[in-house]
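Open the model in your viewer and keep the sequence panel at hand. The tour goes selection by selection.

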Amino acid sequence: MEPVIILHFLESLLLQGDFFGIHHGPLGSADPIVKGMVPSMFGIVGFAVLLNLFNAVVRRKLVDQEKLKRIMKETRAWQKERMAAFRAKDMEKQAELNKKSAYMTKLNQEMMQMNMRPMMITFVPLILIFYFVLPPLFSYTVAVSPIPLNVIPGNYFELTCTAEKVDGQICQHVNEVYFWAWYFLSSIALSGIIMKLTKTSMDLT
């Protein structure tokens, strides 16, 4: 899993409900300023683009992209070589590679710190926008999925309404997508394109 997906996931965990008492209840409005699912869908996609661009600008300022790619290339090469030695049951090669485990752990920690640094800057504006700007603009749900998207066990990270949640107020139909969930999905879909355009991509190619 790419680090950017992990970061989007961590941010989205705090976009579901209460956050230190800032907002009580589900995010959204029963009488939103933006009416209708189609305008809401495109409106949230627009916010996803703007926030991803903001993240990319902060990332360019705070992260040494060349160093990050160098670390990623080195760690991935070591992992690939280690897996090959494991499959070949080459104990001598495994022992040799294991000697670099501590160094690779250090590189992975450094890479995670580099990826987390921009999040420390962008997290506060994201929370403020989601708790004070977007709820009056959009309804609780802004799209309908053809299938359930609640793939994580339990009910902590629900992207779509379940049959039990249909109440005619927040959820009108099964598999309606919560507005913060639509932002999460839009961000995941668009972040790769925006990172390539702004040259902040974590791809090695």
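Start with helix 5 (residues 101–137) and helix 6, which pack at an angle of about 130 degrees. Their axes are 12 Å apart. That angle makes helix 5 oblique to helix 6. The crossing of helix 5 past helix 6 is right-handed. Now show side chains. On helix 5, select L126, F130, L134 and P135; on helix 6, select F179, W180 and Y183. These residues make the contact. Colour them by class: seven are nonpolar, with no polar and no charged residues in the contact of helix 5 with helix 6. Bear in mind that this is a predicted model.

**Zoom out**

Colour by secondary structure next. The chain has six helices and two strands. Read from the N terminus, the order is α-α-α-α-α-β-β-α. Switch to a surface-accessibility colouring: of the 205 residues, 40% count as buried. A contact map is useful here too. Take contacts between residues at least 6 apart in sequence; 76% of them join residues at least 24 apart.

**Helix 2 against helix 6**

Keep helix 6 (residues 179–197) and add helix 2 (residues 37–62). At what angle do their axes cross? Roughly 50 degrees, and the axes come within 8 Å. Helix 2 is therefore oblique to helix 6. The crossing is right-handed here as well, with helix 2 passing helix 6.

Select the two faces of this contact:

- Helix 2 side: M41, I44, V45, F47, A48, V49, L51, N52, L53, A56 and R59.
- Helix 6 side: F179, W182, Y183, S186, S187, L190, S191, I194 and M195.

How do the residues in the contact of helix 2 with helix 6 divide by class? The count is 15 nonpolar, four polar and one charged.

**T141, in strand 1**

Go to strand 1 (residues 141–144) and pick T141. Is T141 buried or exposed? Its relative accessibility is 6%, so T141 counts as buried. Now select E176. The side chains of T141 and E176 make a polar contact at 2.8 Å. Then expand the selection around T141, skipping neighbours within four places in sequence. T141 is in contact with M37, C161, I170, C171, E176, V177, Y178 and F179. Two of these names have come up already: E176 is the polar partner of T141, and F179 is part of the helix 6 side facing helix 2.

**The loop between the strands**

Follow the chain to E158, in the loop between strand 1 and strand 2 (176–178). E158 has a relative accessible area of 10%, so this residue is buried. Which side chain does E158 meet in a polar contact? Select K165: the side chains of E158 and K165 are in polar contact at 2.9 Å.

Stay in the loop between strand 1 and strand 2 and pick N175. Check its backbone: phi is positive, about 75 degrees, although N175 is not a glycine. N175 is buried too, with a relative accessible area of 12%.

**Last stop: K89**

Jump to the loop between helix 3 (65–87) and helix 4 (91–98), where K89 lies. Phi of K89 is near 55 degrees, again a positive value in a residue other than glycine. Is K89 buried or exposed? With a relative accessible area of 68%, K89 is exposed. Put K89 and N175 on screen together to finish: K89 is exposed, whereas N175 is buried.

Terms used. Residues are numbered from 1 along each chain as its sequence is written. This is a predicted model: local features need pLDDT of at least 70, side-chain atom pairs count only at pLDDT 80 or more; totals for chains, interfaces and linings use all residues. Side-chain values use heavy atoms; hydrogens and water are left out. Axes are lines fitted to C-alpha atoms, for helices over the stretch in contact, and angles run from 0 to 180 degrees between N-to-C directions. Helices (H or I, at least four residues) and strands (E, at least two) are DSSP runs, numbered from the N terminus. Angles under 35 degrees count as roughly parallel, over 145 as roughly antiparallel, 65 to 115 as roughly perpendicular and the rest as oblique. A crossing is left-handed if the near helix is turned anticlockwise from the far one by less than a right angle, and right-handed if clockwise. Contact means heavy atoms within 4.5 Å. Ala, Val, Leu, Ile, Met, Phe, Trp, Tyr, Cys and Pro count as nonpolar, Asp, Glu, Lys and Arg as charged, and the others, Gly among them, as polar. Buried means under 20% relative accessible area, exposed over 50%, partly exposed in between (1.4 Å probe, protein chains only). A polar contact is a pair of N or O atoms within 3.5 Å; within protein, one must be able to donate a hydrogen and the other to accept it, and residues adjacent in sequence count only if both atoms are side-chain atoms.
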